[in-house]
Amino acid sequence: MEFFGVIALVLVGLGLFSFVVTVEAAVRTAPFAASPPAVVQQALALVELAPGELVVDLGCGDGRVLVAAVRAGARGVGYELSPHRTALAVLTVRRAGVRDRAKVVWGDLFNADIRDADVAFVWLTPKARALEAKLRSELKPGARVVVRSNPVFPTWKPERTEPVPGGGSLSLYRQN
Ligand SMILES: C[S@@+](CC[C@H](N)C(=O)[O-])C[C@H]1O[C@@H](n2cnc3c(N)ncnc32)[C@H](O)[C@@H]1O
């Protein structure tokens, strides 16, 4: 009985921890919402993703962008701050059978290693405006960034913007 009590306490503690971190990520940068498959495909087409390229999803949610990137012949790394969404993304990647080409990292997207990325996928709120400086100083020349819906960057101008079905937009940026 005592053993199960300890297990229950640990589980409640982990749940609370995950809840607090998830709320913190939502308040500081963006809450969770999942991109519809058609929008993910449109984003990969907009950046003209080529086989073998590396896609980083900054705030990868349930990992669906990573799976789509791998199915398009690329590799994927997703960064996610919420512990339970990180776990969900790991499961998504495993279930899709793509874990040899997709990795999920539990951590802050502002600490993501993006130096080798060919494409960065961003669906955050304008609270993530500091991301512009990171992308501009760390992405390699020619890397593309696709931003869903929100004008996240204060000064960087998109090369192209197109509407997505159901409202909102996708914008393409290119590193000099
Ligand atoms: C709008 S969702 C996008 C999910 C996914 N990219 C998609 O398009 O389906 C944004 C995600 O970013 C995560 N997030 C917010 N702030 C973060 C941070 N500082 N570091 C890592 N992930 C963060 C949230 O937990 C949420 O899962």
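Here is a short conversation about how the terms apply to this predicted model.

Tutor: Residues are numbered from 1 along each chain as its sequence is written. As the model is predicted, local features need pLDDT of at least 70 and side-chain atom pairs count only at pLDDT 80 or more, while totals for chains, interfaces and linings use all residues.

Student: What makes up the secondary structure of the protein chain?

Tutor: Five helices and seven strands. Helices (H or I, at least four residues) and strands (E, at least two) are DSSP runs, numbered from the N terminus. In that direction the elements of the protein chain run α-α-β-α-β-α-β-β-α-β-β-β.

Student: Why is the chain called as compact as a globular protein of that length?

Tutor: The globule rule is 2.2 Å times the number of residues to the power 0.38, and the radius of gyration is taken over C-alpha atoms. For 176 residues the rule gives 16 Å, and the protein chain has 17 Å, which is close, so the description fits.

Student: How do you know what span to expect for helix 4?

Tutor: The expected span is 1.5 Å times one less than the number of residues. Helix 4 (residues 83-95) has 13 residues, for which 18 Å is expected, and its first and last C-alpha atoms are 18 Å apart.

Student: Which residues of helix 4 are called buried?

Tutor: Arg85, Thr86, Ala89, Thr92 and Val93. A residue is buried if 20 or more other C-beta atoms, placed from the backbone, lie within 10 Å of its own (exposed: 12 or fewer; partly exposed: in between).

Student: Why are those residues said to line one face of helix 4?

Tutor: Down the helix axis they fall within an arc of 120 degrees, so one face holds them. The arc is that of the directions from the helix axis to the C-beta atoms.

Student: And which residues are buried in helix 2?

Tutor: In helix 2 (residues 37-46), these are Val40, Ala43 and Leu44. Their arc is only 95 degrees, which puts them on the same side of helix 2. They pack against helix 3, strand 4 (119-122), strand 5 (144-148) and strand 7 (169-174); contact means C-beta atoms, placed from the backbone, within 7 Å.

Student: What makes a residue part of the shell around the ligand?

Tutor: Its C-beta atom, placed from the backbone, must lie within 6 Å of the ligand. The shell has 23 residues, and the closest are Thr29, Ser35, Gly59, Gly61 and Leu81. Helix 3 (64-71) and strand 2 (75-80) each supply at least two residues of the shell.

Definitions and conventions
Two residues are in contact if their C-beta atoms, placed from the backbone, lie within 7 Å.
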